[in-house]
Amino acid sequence: MNHRMKGAFRTLYGEPWWHLAALLASFALCGYALARLLAGDWWGVVQWAVGAALVHDLVAVPLYGSADWLLHRAVRAGRPRSPHRIAVVNHLRVPAFVSLVLLLVYWPLVSRDSGAQYRAATLLDPGVFRARWLVITGVLFGLSGLHLAFRLWRDGSGRER
């Protein structure tokens with residue numbers, strides 16, 4: 001593509017040409033994965049997707065919406081929308097989100113429900129996942145707390161000057 005065509009493409013599309021190429025490649029990869037997934041038990045996949053959407057919308061959204069509301073109430077310090085309060089909430093939200101996603105993905109192993117199947121398939125001990133998940137969760141919250149302390153220290157030292 002010459003420079004003039006690139007400029008016209010970017011004006012029409014709004015992004016560089018490689019953005020569209022990467023987007024089309026990701027759609028092709030997702031389409032391939034979906035075709036492979038649906039080639040087996042397509043009805044089970046449909047049931048799982050609909051069930052997951054319903055559980056998310058009817059159970060998870062009210063739960064994490066309420067948890068976020070309670071977190072904001074617990075952290076309320078000073079003004080209702082102070083930057084420090086929002087920083088504290090976000091530094092609790094992120095590690096909690098990552099930890100819960102890891103728990104959701106590895107739930108059968110963390111809960112030790114599929115221990116015999118895991119051992120038979122991999123010949124590895126499934127008993128380590130709960131402790132590892134707890135350590136990862138602790139490290140996530142610890143690093144987030146250190147980052148928050150550094151941010152508050154930096155903001156506080158900047159105001160004194």
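**Exercises on helices 1 and 4**

F9 is partly exposed, with a relative accessible area of 22%, in what is a predicted model.

**Exercise 1.** Determine where F9 is placed and which residues F9 is in contact with, leaving aside its neighbours within four places in sequence.

*Solution.* Begin with the secondary structure, which puts F9 in helix 1. Next, collect the contacts beyond four places in sequence, which are G14, E15, P16, W17 and L20. Finally, classify the accessibility: because buried requires a value under 20% and exposed a value over 50%, the 22% of F9 makes this residue partly exposed.

**Exercise 2.** Decide whether L12 is buried or exposed, and state how far its C-alpha atom is from that of G44.

*Solution.* L12 also has its place in helix 1, which covers residues 3-13. Its relative accessible area is 77%, and L12 is therefore exposed, since the cut-off for that class is over 50%. As for the distance, L12 and G44 are 32 residues apart along the chain, and their C-alpha atoms are separated by 42 Å.

**Exercise 3.** Compare the expected span of helix 4 with the separation of its end C-alpha atoms, and then describe the setting of S99.

*Solution.* Helix 4 comprises residues 83-105, and its 23 residues, at 1.5 Å a residue, should span 33 Å, which agrees with the 33 Å between its end C-alpha atoms. Within this helix the buried residues include P95, S99 and L103. For S99 the relative accessible area is 4%, so this residue is buried, and, not counting residues up to four places away in sequence, S99 touches W133, T137 and L140.

Terms used:
Residues numbered from 1 in each chain as written. Predicted model: local features only at pLDDT ≥ 70, side-chain atom pairs only at ≥ 80, totals over all residues. Heavy atoms only, no water. Helix = DSSP H or I, 4+ residues; strand = E, 2+ residues; numbered from the N terminus. Buried < 20%, exposed > 50% of the residue type's maximum accessible area, 1.4 Å probe, protein only. Contact = heavy atoms within 4.5 Å. Expected span 1.5 Å × (residues − 1).
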